[in-house]
Structures are given as structure tokens and as C-alpha cells.
Amino acid sequence: MSLPRDLPSFDAFWPYYLREHTCRRCRAFHYAAALSVVGLAAAALLTSGWWLLALAPPAAYGLAWLGHVCFEQNRPATWIYPWWSLRAEWRMTRLALTGRLRAQLPPRGANDPVDADDPVEADDPVTEDAPSRRRARPDPDPPAGRAPPR
């Protein structure tokens with residue numbers, strides 16, 4: 001999905017942001033990025049090592065962008081909507097930590113990135129037009145004369 005350049009508000013941006021973060025591994029990198037900022041700020045406060053604050057932006061953006069490059073394979077919205085992206089990352093992290101993010105995530109589509117070790121759980125929303133997200137599990141005891149699927 002291409003990044004719309006004319007979103008009128010953060011409320012309009014939020015659903016777009018969530019659609020760009022359907023891969024749980026990419027979201028994990030975002031959570032690590034946000035929490036690294038908290039950790040660096042706490043360390044700076046506790047040790048009076050204010051230079052640690054200079055590490056926060058590269059650590060946070062580096063982790064988040066790495067998640068996009070490696071897993072989501074899309075372009076972060078930071079360049080066009082820097083403040084909304086920052087606000088959305090903190091909101092996504094807060095909702096994930098409180099267990100409320102799943103209800104806001106859009107249904108997975110056929111074109112969403114699939115993690116090799118990311119099984120689709122029974123309560124994951126899957127649309128009718130996206131059966132490819134469900135992985136067939138090999139039959140542990142196939143009928144005689146039939147090889148198990150690979």
C-alpha cells in the first residue's frame with residue numbers, strides 16, 4: 001500500500017499505521033525500539049549520563065526501520081508523517097503492553113507478509129479472501145500408501 005500524503009488527522013492516520021504493521025515480528029522490533037528509549041532515558045536519569053539520551057533516536061529508529069526492512073518489507077511512514085508516526089508507535093506499544101492491540105489490528109490479507117514461524121492462531125482474524133494465511137498442518141498419521149505433505 002502506498003503512503004497517502006493527504007491524511008487530515010491522526011485518527012485517519014492510525015488505521016493506515018496499523019495496516020503497515022501486520023507482521024508481529026515487525027511490531028516486536030517497534031516495541032523494542034520504544035522500550036529502548038525508556039531504558040536509555042532511565043539510565044541517563046539514574047547515572048546523570050545525559051549523553052545516553054543521544055543514543056535514543058538512533059536506537060529507536062534503527063530498530064523500527066530494521067523491522068520494516070527485514071519483516072514487513074514496506075517503507076516506514078516516518079518521512080512523511082514524523083510526529084504521527086512517533087505518536088502511533090507509542091500508542092501501538094501501549095496497547096500491546098496492555099493486551100488491547102489485537103482488537104484494533106485489521107484482518108490479515110493474502111498479501112500480508114507471512115513469518116515462517118508465525119502460526120495463525122485460532123482467534124486471529126482471517127478474511128475469507130485470504131485463506132493463504134492458514135497453514136496446513138501435516139497429518140501425523142497419513143493413510144497407508146500416501147506420503148505426508150512437505
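This is a short group-meeting talk on a predicted model of a helical protein.

Hi everyone, and thanks for coming. Please keep in mind throughout that we are looking at a predicted model.

Let's begin with the overall picture. The protein has four helices and zero strands, so in sequence order the pattern simply reads α-α-α-α. There are 150 residues, and 34% of them are buried. If you take the contacts between residues at least 6 apart in sequence, 58% of those contacts link residues at least 24 apart. As for the outside, the protein exposes about 9,500 Å², with carbon and sulfur atoms supplying 61% of that area.

Now to the pair of helices I'd like you to look at, α2 and α3. How do their axes cross? They come within 8 Å of each other, at roughly 175 degrees. Anything over 145 degrees counts as roughly antiparallel, so that is the label for α2 against α3.

Who makes this contact? On the α2 side we have a list that includes Arg25, Cys26, Phe29, His30, Val37 and Leu40. Several alanines take part as well, among them Ala32 and Ala33 of α2 and Ala56, Ala59, Ala60 and Ala64 of α3. The α3 side also includes Leu63, Leu66, Gly67, His68, Phe71 and Glu72.

Two of those residues make a handy landmark if you are turning the model on your own screen. Arginine 25, in helix α2, and glutamate 72 are 47 residues apart along the chain, yet their C-alpha atoms are separated by 8.2 Å. Is arginine 25 buried, partly exposed or exposed? Its relative accessible area is 29%, which falls between the 20% and 50% cut-offs, so arginine 25 counts as partly exposed.

Histidine 68, in helix α3, is another story. Its relative accessible area is 3%, so histidine 68 is buried, the limit being under 20%. And what is around it? Setting aside neighbours within four places in sequence, histidine 68 is in contact with Glu20, His21, Cys26, His30, Gln73, Asn74 and Pro76.

Gln73 on that list deserves a stop of its own. Glutamine 73 is found in the loop between α3 and α4, and with a relative accessible area of 63% it is exposed. Its phi is positive, at about 55 degrees, although glutamine 73 is not a glycine. Why mention that? Because most residues other than glycine have a negative phi. Serine 48 is a further example, with phi near 55 degrees, and serine 48 sits in the loop between α2 and α3.

Last stop: the surface. There is a nonpolar patch of about 730 Å², made by Leu35, Val38, Tyr61, Trp83, Leu86, Trp90 and Leu97. The elements giving two or more residues to this patch are α2, spanning 24–47, and α4, spanning 82–97. Which of the elements gives the most? That is α4, with four residues.

Tyrosine 61 also belongs to the patch, and its place is in helix α3, residues 56–72. With a relative accessible area of 33%, tyrosine 61 is partly exposed. It passes the patch criterion because that asks for over 30%.

So, to recap: α2 and α3 run roughly antiparallel, histidine 68 of α3 is buried, and α4 gives the most residues to the nonpolar patch. Thanks for listening!

Technical notes. Residues are numbered from 1 along each chain as its sequence is written. This is a predicted model: local features need pLDDT of at least 70, side-chain atom pairs count only at pLDDT 80 or more; totals for chains, interfaces and linings use all residues. Side-chain values use heavy atoms; hydrogens and water are left out. Buried means under 20% relative accessible area, exposed over 50%, partly exposed in between (1.4 Å probe, protein chains only). Contact means heavy atoms within 4.5 Å. Accessible areas come from the Shrake-Rupley method with a 1.4 Å probe; for residues, only the protein chains shown count as cover. Patches are made of residues with over 30% relative accessible area and no salt bridge: like charges are joined within 9 Å, nonpolar side chains (Val, Leu, Ile, Met, Phe, Trp, Tyr) within 5 Å. A salt bridge is a side-chain nitrogen of Lys or Arg within 4 Å of a carboxyl oxygen of Asp or Glu. Axes are lines fitted to C-alpha atoms, for helices over the stretch in contact, and angles run from 0 to 180 degrees between N-to-C directions. Angles under 35 degrees count as roughly parallel, over 145 as roughly antiparallel, 65 to 115 as roughly perpendicular and the rest as oblique.
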